[in-house]
Amino acid sequence: MRETLVLNASFEPLSTVTSRRAVVLVMQEKAVVEHAHPGLRIRAASVEVPVPQVIRLSRYVRVPFRRWAPWSRRGVLVRDQHRCAYCGRRATTVDHVVPRSHGGGDTWLNTVASCTEDNHRKADRTPEQAGMRLLRRPFEPTPAQAMLSTLGVSVREELPGWASPAA
């Protein structure tokens, strides 16, 4: 199922929803389509709608200010684009740079995406102790970056300039 970015009426990113939920919001006139997937349409008996990639709510929704993106294993994999931080191959697990047994926690700055082989090779050691080096340093994404990264790199490149994440 495709993900759709939901913008507030003020064009601030709020969340991502499934394409099906986005179509429902548009059909109920609670949102308008800002950008659609080229060539993809949803058809029903009496209606045909483009598959939304970005929708904007018709009414402003007040949300509490979020200073940081919540950490999750899925979030780490998405942030690192499912690429191993040690070898660059496809990553399926999350590795703690400083192992939990050595006091490392589940934080954005202490976790990286890793392939199973490198995760086992590093084991319960730091990268220096295991003789491994990180190809890229872990970073803490802003809430907007974390939300937009769930849409994927190829989708981000298709978004109009106003919808691109801040670096």
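Which residues does Val-112 touch, leaving aside those up to four places away in sequence? In this predicted model, the contacts of Val-112 are with Val-76, Arg-79, Asp-80, Ala-85, Tyr-86, Thr-93, Val-94, Asp-95, Val-97, Leu-134 and Pro-138.

Val-112 also belongs to the largest nonpolar core, a set of 17 residues in which Val-112, together with Leu-77, Cys-84, Tyr-86, Ala-91 and Leu-134, ranks among those with the most contacts inside the core. Helix 2, spanning 73-79, and strand 6, spanning 111-114, each contribute at least two residues to this core. Apart from this core there is another, made up of 8 residues, including Val-17, Leu-25, Ile-55 and Leu-57. As a general background to such groupings, nonpolar side chains in soluble globular proteins tend to be buried together.

Leu-25 leads the reader on to helix 1, which covers residues 19-27 and in which Ser-19, Ala-22, Val-23, Leu-25 and Val-26 are buried. When the helix is viewed down its axis, these buried residues fall within an arc of 160 degrees, and therefore they line one face of helix 1. The cover over the buried residues of helix 1 includes strand 1 (3-7), strand 2 (13-18), strand 3 and strand 4. After helix 1 comes Glu-29, which has a positive phi, near 60 degrees.

Two of the covering strands can also be followed as a pair: strand 3 (residues 31-43) and strand 4 (residues 48-57) run in the antiparallel sense and are joined over 8 bridges, and they form a hairpin with 4 residues between them. Within this pairing, His-35 has Val-54 of strand 4 as its bridge partner.

Key
Residues are numbered from 1 along each chain as its sequence is written. This is a predicted model: local features need pLDDT of at least 70, side-chain atom pairs count only at pLDDT 80 or more; totals for chains, interfaces and linings use all residues. Side-chain values use heavy atoms; hydrogens and water are left out. Two strands pair if DSSP finds at least two bridges between them. A nonpolar core is a set of buried Ala, Val, Leu, Ile, Met, Phe, Trp, Tyr and Cys residues joined through side-chain atoms within 4.5 Å. Buried means under 20% relative accessible area, exposed over 50%, partly exposed in between (1.4 Å probe, protein chains only). Contact means heavy atoms within 4.5 Å. The arc is that of the directions from the helix axis to the C-beta atoms.
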